[in-house]
Amino acid sequence: MKIINLSKIFFLPFSLILFFYSNTSAVTLEKTPVSLNAAWGMSWLDDTQMLITQKSGEIFLVDTVDHTQIEISHNIPVVQYGQGGLLDIINEGNTIWVTGSIKKDDKYTTAIFQSTLDGNKLVNTKLIYEALPYISSPYHFGSRIEILDDYLYISIGERGEGMIAQDATNSIGSIIRIHKNGDFPKDNPYQEKESWRPELYQIGVRNPQGMSIEPLSQKVFISNHGPKGGDFIGPVIAGTNYGWKQIAWGGTNYSGSKVGDGNAWEPGFLKPDFIWVPSIGVGGIKFYEGDAFPDWQGSLLVGSLKFKYLSVLHRNNNKFLNEEIIFKDKIGRVRDIEINKEGEIFLIADELDSHLYILKP
């Protein structure tokens, strides 16, 4: 077990970065002493403690008041490979679920594990889901996880395999819905044919690396990476298909060639609610609830990996209206976003030698 308490080392607080956003209200970005390397996911354990994952396999229990940082021991067999590794984390009390990439016969896939937090270790770990098939590609594992009612919603990337996301006999390039123990719900929509995967809830996505529940409607939303253009935000709706790789939401292949017939959308596919062209490398997303930033209530916080910014995607009458960049080039590639009970915003970056950051009024 590794315990790091940097508050005992530094006699002065870490630097505070002051800046202004467009409506001239001041905000403060605080760099905490919590030290991270390629952090990926966060989940609140209680009002002040959170779990943070690193792609290389570490899980930390972090106290956000005194900045104590404890490494949680575990035996989850994730493998850091390309864009894979230990990815997202979520919990209900001491029951923990994590997503990550695992290896079998020199191929890889996205998997979900369930564990119990016992002191400073995870115990009773079991594999409850593995996306099939395993693929040798190092790309597009996804993966975010949310709990809604009695279900887990998990995003699975299409591993760079393109049209495989249109094939319902596998679970690559999809949003799946499973019970918390890994069982498949009997009312999932893709069960019309015996060969279709029973865990499928929505198909046709490329690399969904953000997921958040809209507080009022209780709908799940995802962020999804397009190719060269075509990043988007959209709802998770049972039985729908976002169309990858027949369509690319306004994007093109990296070579500049057309995807499919070159259409941003075609009949029969679900339209995203908001699209970026060019791509921003959209990462973690979080609907804002809290008193710290009342102007952002109900809007969506968005992290950009490519352009290294945090933005607010303003929303009114269930429509995303415009994007307001809050800061850029302050912490690097914004990977994930969480909010505490005061409405303060906690941020991690997909960077080496990084930290946990807090955005305050």
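In this predicted model, strand 23 and strand 24 (residues 319-328) run antiparallel to one another and are joined by seven bridges. One of the pairings places Y309 against K328 of strand 24. The two strands form a hairpin with two residues between them, and N317, located in that turn, adopts a positive phi of about 50 degrees.

Strand 23 also has a partner in strand 22 (residues 300-304), again in the antiparallel sense, here over four bridges. Within this pairing, L301 is found opposite V312 of strand 23. A hairpin links strand 22 and strand 23 as well, with four residues between them. Its turn contains K308, for which phi is positive at about 60 degrees. Strand 23 is thus paired with strand 22 and with strand 24, and a hairpin turn connects strand 23 to each of these neighbours.

How is strand 23 placed with respect to the rest of the structure? Of its eight residues (309-316), seven are buried, so the strand is largely enclosed by the rest of the structure. Each of these seven falls under the cut-off of 20% relative accessible area that defines a buried residue.

Positive phi values also occur away from these hairpins. A38, although not a glycine, has a positive phi of about 50 degrees. This alanine sits in the loop between strand 3 (26-36) and strand 4 (39-44). Is A38 buried or exposed? With a relative accessible area of 11%, A38 is buried, because the limit for that class is 20%. N124 is another non-glycine residue with a positive phi, in this case near 55 degrees. N124 belongs to strand 11, whereas A38 lies in a loop. The relative accessible area of N124 is 62%, so this asparagine counts as exposed, the threshold for which is over 50%.

Turning to the peptide bonds, which residues does the cis bond before P133 join? The bond runs from L132 to P133, and its omega is near 5 degrees. P133 is part of the loop between strand 11 (121-130) and strand 12 (142-148); strand 11 is also the strand that holds N124. A cis peptide bond is likewise present between V277 and P278, where omega is about 5 degrees. P278 is located in a loop too, namely the one between strand 20 (274-276) and strand 21 (282-287).

Methods:
Residues are numbered from 1 along each chain as its sequence is written. This is a predicted model: local features need pLDDT of at least 70, side-chain atom pairs count only at pLDDT 80 or more; totals for chains, interfaces and linings use all residues. Side-chain values use heavy atoms; hydrogens and water are left out. Buried means under 20% relative accessible area, exposed over 50%, partly exposed in between (1.4 Å probe, protein chains only). Two strands pair if DSSP finds at least two bridges between them.
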